[in-house]
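Please find below a colleague's note on the structure shown here. It is arranged as numbered points, to be read alongside the coordinates.

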Amino acid sequence: MSVVRTTRTVLAAALVAGLTATALATPALAAPAPAPSSAGHHAAAQEALRAAVEAGVPGAVAQAKDGRGAWTGTAGERRGHDRFRVGSITKTFTATVLLQLQAEHRIDLDDPVEKWLPGVVRGNGHDGRRITVRQLLNHTSGIYSYTNDPAFQEKVFGPGFLEHRYDTWSPEQLVAVALAHPAEFEPGTDWNYSNTNFVLAGMVIEKVTGRPYGKEVQNRIIKPLGLRATSVPGTRVTVPKPNSPAWSKLSRDPNAPVHDVTALNPSIAGAAGEMISDANDLQTFYRALLKGRLLPKAEMKEMTTTVAVSPELPGTGYGLGLMKQKLSCGKEIWGHGGGIHGSSSEAQATRDGAHSLAMNFNADWTGDSAAVLEAEFCGVTPKH
């Protein structure tokens, strides 16, 4: 198991925590022909997309940008400009807004959660008076992840999805699911990926600004960067066109039937994973972020100050809604992965933002996104 693959397993970052894998695909229309100078340079990445489709992913898309220009690759159903649900990549947008608010002196990330959400985080060893906003953003709060709750998994990620796919969940309901379980550890003493952390982060943004976190993301990031394919859907169940279907087995059983899960109410994810985008917009966002266009230097330093996620992964760290990892060739990349029903995405870039890649599979039971990252940044051709 490669370092990247292991990292993805450790993170369980995908909102599909109750499923075995995350991957996506879309119908097979050819992508725009890449410039001759870049096509060969990205041959390994194109081969990794093809290998994913051979492994059962209905469709895959990736786009990369570097000093030689831009390249778009597809395989199977996916098209180059398709929009898709990005899952936990939403977390980087949420964290960026909070860091901007700190730069404006409207909040201090070392404030206790209790200051902004009085009485909300209490019970079963959880105590918002001893948890800081920063600990929400770097997953050191110890708060249980609501997506790990067995009943929630059955209803939202398992067969119950077909009956409940259009249900609306409030942030308060999601937090209540988490707080019914004991805290994972004392705040600041360990690391554990929890989607509840970022649901709470979205609630803090609303308390500080008086507006929903999605409005702040729209006004502070989406509009200024001109991200035309990016949206915060709220309770809207559809994916804007162009798009292609998202597929799930809604089961750990590899022989289970496949379902079209494109339409769903993304309030199950909220500020932890509801957003929609495409490969081009995701690169624009992460390149702008890493190049310092969205945050002052002080806040950027805080965002990229990481904590260890596992002793077995010394090259991997989690900052504030942003992860770094070291690939097999020694290159260090920064970004986030994300999964939600029938969709698995990656958006990664070098620390200077000069070389980036964003990709998506449209299935959640197979596919190796780590192979695409290794192919693009290290030139490693997938083994068959």
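The points that follow concern a predicted model, and take up a strand with its two neighbours and then a pair of helices.

1. Strand 13 (residues 343-350) has 8 of its 8 residues buried, so the rest of the structure largely encloses this strand. In a regular strand, side chains alternate between the two faces of the sheet. Here both faces are covered: S343, S345, A347 and A349 are buried on one side, and S344, E346, Q348 and T350 are buried on the other.

2. On one edge, strand 13 pairs with strand 12 (residues 332-340) in the antiparallel sense, over 8 bridges. The two strands form a hairpin with 2 residues between them, and G342 in the turn has a positive phi of about 65 degrees.

3. Strand 13 also pairs with strand 14 (residues 356-361), again antiparallel, over 6 bridges. This hairpin has 5 residues between the strands, and G353 takes a positive phi near 75 degrees.

4. E346 links these descriptions: E346 is the bridge partner of G337 and stands opposite M359 in strand 14. E346 is also among the buried residues of strand 13.

5. How are helix 3 (residues 43-54) and helix 14 (residues 369-378) packed? Their axes lie 7 Å apart at an angle of about 165 degrees. Because angles over 145 degrees count as roughly antiparallel, helix 3 is roughly antiparallel to helix 14. The crossing is right-handed.

6. At this contact, A44, A45, A48 and L49 of helix 3 meet A371, V372, A375 and E376 of helix 14. The contact residues comprise 7 nonpolar, no polar and 1 charged.

Technical notes. Residues numbered from 1 in each chain as written. Predicted model: local features only at pLDDT ≥ 70, side-chain atom pairs only at ≥ 80, totals over all residues. Heavy atoms only, no water. Axes fitted to C-alpha atoms, helices over the stretch in contact; angles between N-to-C directions. Helix = DSSP H or I, 4+ residues; strand = E, 2+ residues; numbered from the N terminus. Parallel < 35°, antiparallel > 145°, perpendicular 65-115°, else oblique. Left-handed = near helix turned anticlockwise from the far one by under 90°. Contact = heavy atoms within 4.5 Å. Nonpolar A, V, L, I, M, F, W, Y, C, P; charged D, E, K, R; others polar. Buried < 20%, exposed > 50% of the residue type's maximum accessible area, 1.4 Å probe, protein only. Pairing = 2+ DSSP bridges.
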